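Here's a quick walk through this model, meant to be read with the viewer open. Load it up and follow along.

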Amino acid sequence: MIFLFRILFQIPRERDQLGIVTIPCQQHCKQTCPHTVNRVKTYVRLLSLFVIPVGTMYYTSCSTCKGLQKIDATRAQELEHQLGT
Ligand SMILES: [Zn+2]
């Protein structure tokens, strides 16, 4: 039954690395160091025909402590602007 469900409703995830910004760490190490900005898009695929986007999530990954920090879309856009500089 679960197998059938998996065929009918696949949940693919697409992970993009947007770039690297130097910001203070909000997690364990509290150091200002390079962070990777990542975007994860989640889709639901029905019968391999319809692909419905169900959400986008952003998070940063600290290069020092490897801590992951979930951020909202607004913050992600701010960081994306910093990538160019
Ligand atoms: Zn850190």
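## Ala73 and what it touches

Setting aside residues up to four places away in sequence, Ala73 touches Thr56 and Tyr58. Ala73 itself sits in helix H2, which covers residues 73–83. If you'd like a distance to check in your viewer, take the C-alpha atoms of Ala73 and Tyr59: they are 9.4 Å apart, with the two positions 14 residues apart along the chain count.

Is Ala73 buried or exposed? Ala73 counts as exposed, because it has 11 C-beta neighbours inside 10 Å and the cut-off for exposed is 12 or fewer. Tyr58, one of the residues Ala73 touches, also has a partner in a strand: it stands opposite Ile71 in S5.

## The whole chain, and how far to trust it

This is a predicted model, so a word on confidence is in order. The average pLDDT of the chain is 86, and 85% of the residues score at least 70. Where is confidence lowest, and where is it highest? The low end is helix H1 (residues 2–8), with a mean of 65, while S5 takes the high end at 94.

As for layout, the chain has two helices and five strands. Reading from the N terminus, the order is α-β-β-β-β-β-α. Only a small slice gets the buried label: 6% of the 85 residues. Look at contacts between residues at least 6 apart in sequence, and 48% of them join residues at least 24 apart.

## S2 and S3

S2 and S3 run antiparallel, joined by eleven bridges. A couple of pairs are handy for orienting yourself. Arg13 stands opposite Thr42 in S3, and Gln17 has Asn38 as its bridge partner in S3.

How many of the twelve residues of S2 are buried? The number is zero, so S2 lies largely in the open. Gly19 is a residue of this strand. It counts as partly exposed because it has 15 C-beta neighbours inside 10 Å, which falls between the exposed limit of 12 and the buried limit of 20. Not counting neighbours within four places in sequence, Gly19 is in contact with Val37 and Leu83. For another distance to check, the C-alpha atoms of Gly19 and His35 are separated by 8.4 Å, and these two residues are 16 apart along the chain.

## S3 and S4

Next along, S3 and S4 also run antiparallel, and twelve bridges join them. Among the facing residues here, Arg45 stands opposite Val51 in S4.

Pro53 is another residue to click on, and it lies in strand S4. Which residues does Pro53 touch, leaving out those up to four places away in sequence? They are Lys41 and Tyr43. The C-alpha atoms of Pro53 and Tyr43 are 4.3 Å apart, although the two residues are ten apart along the chain. Pro53 still counts as exposed, because it has 10 C-beta neighbours inside 10 Å.

## S4, S5 and the hairpin

S4 and S5 run antiparallel as well, with four bridges joining them. Their hairpin has five residues between the strands, and Lys66 takes a positive phi near 65° there. In residue numbers, the loop holding Lys66 lies between strand S4 (50–62) and strand S5 (68–71). Lys66 is not a glycine, and its phi is positive all the same.

Why would you flag that? Because most residues other than glycine have a negative phi. As for surroundings, Lys66 counts as exposed, because it has 10 C-beta neighbours inside 10 Å.

## A second lysine with positive phi

Lys30 is worth a click too: its phi is near 60°, a positive value in a residue other than glycine. Where does Lys30 lie? Its place is the loop between strand S2 (13–24) and strand S3 (32–46).

Lys30 is partly exposed, because 13 other C-beta atoms lie within 10 Å and exposed would take 12 or fewer.

Notes
Residues numbered from 1 in each chain as written. Predicted model: local features only at pLDDT ≥ 70, side-chain atom pairs only at ≥ 80, totals over all residues. Pairing = 2+ DSSP bridges. Contact = placed C-beta atoms within 7 Å. pLDDT = per-residue confidence, 0-100.
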